[in-house]
Amino acid sequence: MRTSNGQPDVPNVHEAAAENNGKPKAYSALYALQLRAFIDAAEDVDVDPDTIEDLLEGLEDGEEEIQESDFDEGLDSESLVLPAHEKHSAIEGSGYLDNLEVETEVIERLKREADGAWSKEETRKMMHHLKEHGMSSFVREYVITQNIPIVKLLFAFGISLCPELRNKQPQTMLYFLRVAMSKELQLREKLPQHNTLADAVSLIQASKRVVVLTGAGISVSCGIPDFRSHNGLYATLKERGTYDLDDPQQMFDIHYFRENPAVFYSFASQIYPSNFIPSPCHRFIKAIEDRGKLLRNYTQNIDTLETLTGITRVLQCHGSFATATCIQCRRRIPGTEIEKDIMEHRVPFCTVCLVAKKEAEEVRQAAFRKKAKKRGRKEWEEGSDEEEEAIPVGVMKPDITFFGEKLADDFEHALEDDRDKIDLLIVIGTSLKVSPVSEILSHLPHSVPQILINKTPVRHINPDVRLQTSLRISMALTTCSQRLDCPSW
C-alpha cells in the first residue's frame, strides 16, 4: 500500500505507541541503531553541522538514553542500517533485532516494502550507473531528473529507513543517500591483474592520461604540516589550546573567519608558503607531465608547491595563497601584497575599502559640522562626541577555500572533462575525508586502474595497488622516476 505521492505506507512510530496504550515500543531502539550508523558514517562521508543537528532533532530524553547506551556497545555500523537484500543481511541471521525486541510486524512491513520497490534488473542497472558515472550523475539522473524519493532509492542499496528518519530535511535525506552510495562504491571490485609495486610501475609506463590526486601528505617532508594525522595540524591546535576554538576546524570556517579574522591571521604564518622547497613527490608529478602523460593534477594543498615545481596541468581544488580577495567589495590582489601582514600576524584590510571609509567619514563630518553650525556652537560641541555608526571595512582573505565555501566551478568542469579520458588514477598523501574532492574516486569509472600511495591507511576505498609504508613509497617514487628517466634528487 502506498500514499498519494508514491511513498511506501509505513506505520508512524508515534501512532504505534498510541496503539500500545501510549507506551513507546522498542522500535525506537531501531531508530537509535540507524541513527548511530549514519553518525558513524560521518567518519568517511563529509557532513555539515546542520545535518547532524537535524539528525538529532526530535530525540526525547528516553530516546537519547537508548542511543547513548547503544553507542557504548561497540556494534558494527555495517549491520545497523536495516538492509533489505541479501548483500547486507542484517535483518536475517542477526541477533540484534531479537535482543532489542523490535516489533515483528513493523520489521516485516519494512521488509515487504523494500522487497517490492525494485526488481533485480532495476537495481543492477542503478548500481552500474553509479559505479561507471559517479555520485553526481546518479543524483542528477534519479533524484533530479526522475524525481524518485530518496526513501525509495535507498531500498536499492538495501536500506529501509525507520519512520523517524523519513521526514528529515532535504540535505539530511541527501546525506543518507550519499552514505549509501559511498558504501556501495567501496565495493569497487579490485582489478585482479594489478597488485604489486612492479604492476604500479608498469601502469604508469603504459598509461597516457594519468590523473594524480594529491593531499597534504606530499608536502610534509617540506616542513608543512598535514591536517588530519595524529600529529597533524588539527591535533596540534587542539593540544595547544592556544586559540579559542570549539573545534580546530573552526580555524578554516568561513563564518568564524567573518566574525573573528584575527584568529586565522594569528596562525596563518605557520602554513604560508614562504621558503618551502618542493618534495620528490612534486618532482615525480612534474616528470609525468614532462613525458606528456599527465591529464591533470588535482591538489587539495594550498601551498602552491606544484606551481613552484613547474607543473602546469594542476588544479588547486581548495585554492591557494597566490591571490587574496576582499570579503566586502570582492577586489582581488596578488597574495604577495598581504604577505607582510600574514608574517606579522596582522589582519590585512582592503585599501580600496579604507579609502572609501575615509571619504565617507569626511562627508559625514562635513555634513554634521554644517548642521551643527546652524544650531549653534554649543550644540555642535555636545553632539560631536555622539557615537557614529561604524562604516564597515573589508578584510582581505587568501583565496583558499574555507569550510562553508563552495569550490570554484573549475573543479566540476575539469572533472566532467577528465572522466571520459582518464586511463590511470594515482592518489598520493590524502585521507580523502573532505568532499567534494574525496568524491573524485566515486566519479571515475570503476574500470580505471587505481594506485594509492599513502603513509596512513584509507579504508573507505578499494584501489588496485596500495603502497602504504614509508619504504614502499620511497621505492615507488625511486623506481617510477628511474623508469621515467627523471633526474636524480
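## A kinked helix, a small sheet and two hollows

The residues that line the largest cavity divide into six nonpolar, nine polar and five charged. That cavity belongs to a predicted model, and this briefing also visits a bent helix, a sheet and an open pocket. Keep the structure in view and look for each residue as you read.

**The largest cavity**

- How many cavities of 30 Å³ or more are there? The count comes to four.
- The largest cavity holds about 260 Å³ of space.
- Its lining is made up of 20 residues, and those closest to the centre are Ser182, Ser438, Ser442, His460 and Ile461.
- Two helices, α9 (170-185) and α20 (440-443), each supply at least two residues of this lining.
- The largest share comes from α9, with three residues.

**The bent helix α7**

- Helix α7 covers residues 120-145, which is 26 residues.
- If α7 were straight, it would span 38 Å, at 1.5 Å a residue. In the model, the end C-alpha atoms of α7 are only 22 Å apart.
- Where is the kink in α7 centred? To find it, go to Gly134, where the helix bends by about 130°.
- After α7 comes Asn147, which has a positive phi, near 55°.

**The three-stranded sheet**

- Three strands form an open sheet in the order β5-β4-β6, and their pairing is antiparallel.
- Why is one side of β5 (332-334) and of β6 left without a neighbour in the sheet? Both strands stand at the edges and have a single partner strand each, so nothing in the sheet pairs with the other side.
- On average, neighbouring strands of this sheet are turned by 40° against each other, with direction ignored.
- Three bridges join β4 and β5 in the antiparallel sense.
- To trace a bridge on the structure, start at Thr323 and look for its partner in β5, Pro334.

**The second largest pocket**

- This pocket has a volume of about 520 Å³.
- The lining has 25 residues, and closest to the centre are Gly319, Arg332, Asp399, Thr401 and Ala408.
- Two or more lining residues come from each of these elements: α12 (254-259), β3 (314-316), β4 (319-326), β6 (396-400) and α19 (409-418).
- Which element gives the most to this lining? Strand β4 does, with six residues; β4 also sits between β5 and β6 in the order of the sheet.
- By residue type, the pocket lining divides into 10 nonpolar, seven polar and eight charged.

Key: Residues are numbered from 1 along each chain as its sequence is written. This is a predicted model: local features need pLDDT of at least 70, side-chain atom pairs count only at pLDDT 80 or more; totals for chains, interfaces and linings use all residues. Side-chain values use heavy atoms; hydrogens and water are left out. Helices (H or I, at least four residues) and strands (E, at least two) are DSSP runs, numbered from the N terminus. The expected span of a helix is 1.5 Å times one less than its number of residues. The bend at a residue is the angle between axes fitted to the seven residues ending there and the seven starting there. On a 1 Å grid over the protein atoms alone, a cavity is a set of points where a 1.4 Å probe fits but cannot get out, and a pocket is an open set with protein on both sides within 12 Å along at least five of seven lines; lining residues have an atom within 4 Å of a point. Grid points are joined across faces, edges and corners, and a volume is the space filled by probe spheres set on the points. Ala, Val, Leu, Ile, Met, Phe, Trp, Tyr, Cys and Pro count as nonpolar, Asp, Glu, Lys and Arg as charged, and the others, Gly among them, as polar. Two strands pair if DSSP finds at least two bridges between them. Axes are lines fitted to C-alpha atoms, for helices over the stretch in contact, and angles run from 0 to 180 degrees between N-to-C directions.
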